[in-house]
Amino acid sequence: MCSNFKSIPMIDVSPLLAKCDDPKMGEDGGVIEVVRQLNQACTQAGFFYVKGHGIPISILQEVKEKTHKFFELPYEEKSKIKLNATAGYRGYQKVLENITKGVPDMHEAIDCYRELKPGAYGEVGKILEGHNQWPLNPPNYKEMMEKYINMCTDLSRNIMRGIALALGGSPYEFEGDRAGDPFWVVRILGYPKKPFENGVNDIGCGAHTDYGLLTLLNQEDGINALEVRNLSGKWISAPPVPGTFVCNIGDMLKIYSNGLYESTLHRVINNSDRYRVSVAYFYETNFHTAVEPLDICKQRNGKVNQADETKKVERAVYGEHLVGKVLTNFVF
């Protein structure tokens with residue numbers, strides 16, 4: 001479900017984080033209010049900002065500053081970690097090498113995935129086996145990013161506990177066999193400034209939904225580029241708010257919620273005269289998880305007519321879904 005929202009709501013998740021290890025967290029007044037706001041945001045927009053998340057602003061800034069330094073390097077240096085199939089589709093891709101729905105995107109990127117143990121997930125997982133390719137310049141980039149990814153993983157797990165409560169379940173609905181051993185994806189993105197030469201596509205990243213459960217986006221301050229489409233088809237700006245993440249739900253959470261929550265279309269257009277970086281962290285299910293609607297969500301929308309209900313019920317194996325996307329997203 002989605003609505004004709006006109007802006008992206010802000011949620012202070014600090015009361016949720018303060019109680020995130022308490023099995024009775026759902027009885028706390030502060031948590032109840034955060035859960036209410038999460039439910040409203042996920043139902044109406046599929047997007048929300050989070051503040052009070054506990055990750056220091058200095059770390060958010062350092063990640064963006066060092067990313068700028070990498071993208072400022074000459075292509076010959078950046079291509080030392082060039083994305084390729086042998087590396088498990090990890091590494092650097094230059095502008096126009098990423099494809100969204102058949103159209104090359106106006107961005108460059110480093111793609112990273114949680115590293116898989118060889119053979120752990122059979123032929124499907126084999127495609128993504130490999131080591132992340134981290135640049136040596138700027139120094140200590142790998143160490144910084146691994147620390148940052150760990151923080152994002154912890155934060156995402158705790159936000160998902162709030163979303164589980166919002167759906168009417170226990171805080172731990174998305175742990176265990178569903179996402180107790182979560183896969184993750186990170187895209188480190190650089191969007192060229194205007195003007196673009198020779199009429200090349202100016203869409204930094206074409207309209208798409210995200211694959212997994214929850215996305216945390218660390219945006220460049222001072223540049224409006226992210227847009228989210230509401231129910232009427234209007235593109236709503238999601239401007240950067242310093243010190244916050246923009247969060248959105250993905251395809252797998254849409255399935256778990258039986259369509260109660262929507263993975264909303266969004267795109268990036270950098271019309272500014274400044275180069276823009278952003279770092280997107282994607283929190284996913286377990287790699288091998290078969291995702292299907294939660295019973296509590298089937299009950300919540302059980303009053304819809306039979307045709308609608310049939311339409312909403314879906315099923316996907318996360319790893320297969322991801323690999324299918326990866327194999328069609330790149331130009332070599």
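How many nonpolar, polar and charged residues does the lining of the largest pocket have? In this predicted model, the largest pocket has a volume of about 640 Å³, and 35 residues line it, of which Cys-205, His-208, Thr-209, Asp-210 and Tyr-211 are the closest to its centre. Sorted by class, the lining comprises 17 nonpolar, 11 polar and seven charged residues.

The description now turns to the sheet. Strands of a sheet pair through backbone hydrogen bonds, and this pairing is either parallel or antiparallel. Here, eight strands make up an open sheet, in which the order is β1-β2-β12-β9-β14-β7-β6-β3 and the pairing is mixed. At the edges are β1, which covers residues 10-12, and β3, which covers residues 91-93, and each of these strands pairs on one side only. From one strand to the next, the twist averages 25 degrees. The edge strand β1 runs parallel to β2, which spans residues 47-51, and three bridges join the two; within this pair, Ile-11 has Val-50 of β2 as its bridge partner.

Two helices can be described in relation to these strands. Helix α2, formed by residues 29-44, packs on the sheet, where it touches β1, β2 and β12 (245-249), and the direction of this helix makes about 155 degrees with that of β1. Helix α3, formed by residues 57-71, lies across β3, β6 (108-113), β7 (184-191), β9 (214-219), β12 and β14 (276-283), and runs at about 120 degrees to β14. Strand β12 is thus named among the strands touched by helix α2 and also among those that helix α3 lies across.

Terms used:
Residues numbered from 1 in each chain as written. Predicted model: local features only at pLDDT ≥ 70, side-chain atom pairs only at ≥ 80, totals over all residues. Heavy atoms only, no water. 1 Å grid on protein atoms, 1.4 Å probe; cavity = no way out; pocket = protein on both sides within 12 Å on 5 of 7 lines; lining within 4 Å. Points joined across faces, edges and corners; volume = space filled by probe spheres on them. Nonpolar A, V, L, I, M, F, W, Y, C, P; charged D, E, K, R; others polar. Pairing = 2+ DSSP bridges. Helix = DSSP H or I, 4+ residues; strand = E, 2+ residues; numbered from the N terminus. Axes fitted to C-alpha atoms, helices over the stretch in contact; angles between N-to-C directions. Contact = heavy atoms within 4.5 Å.
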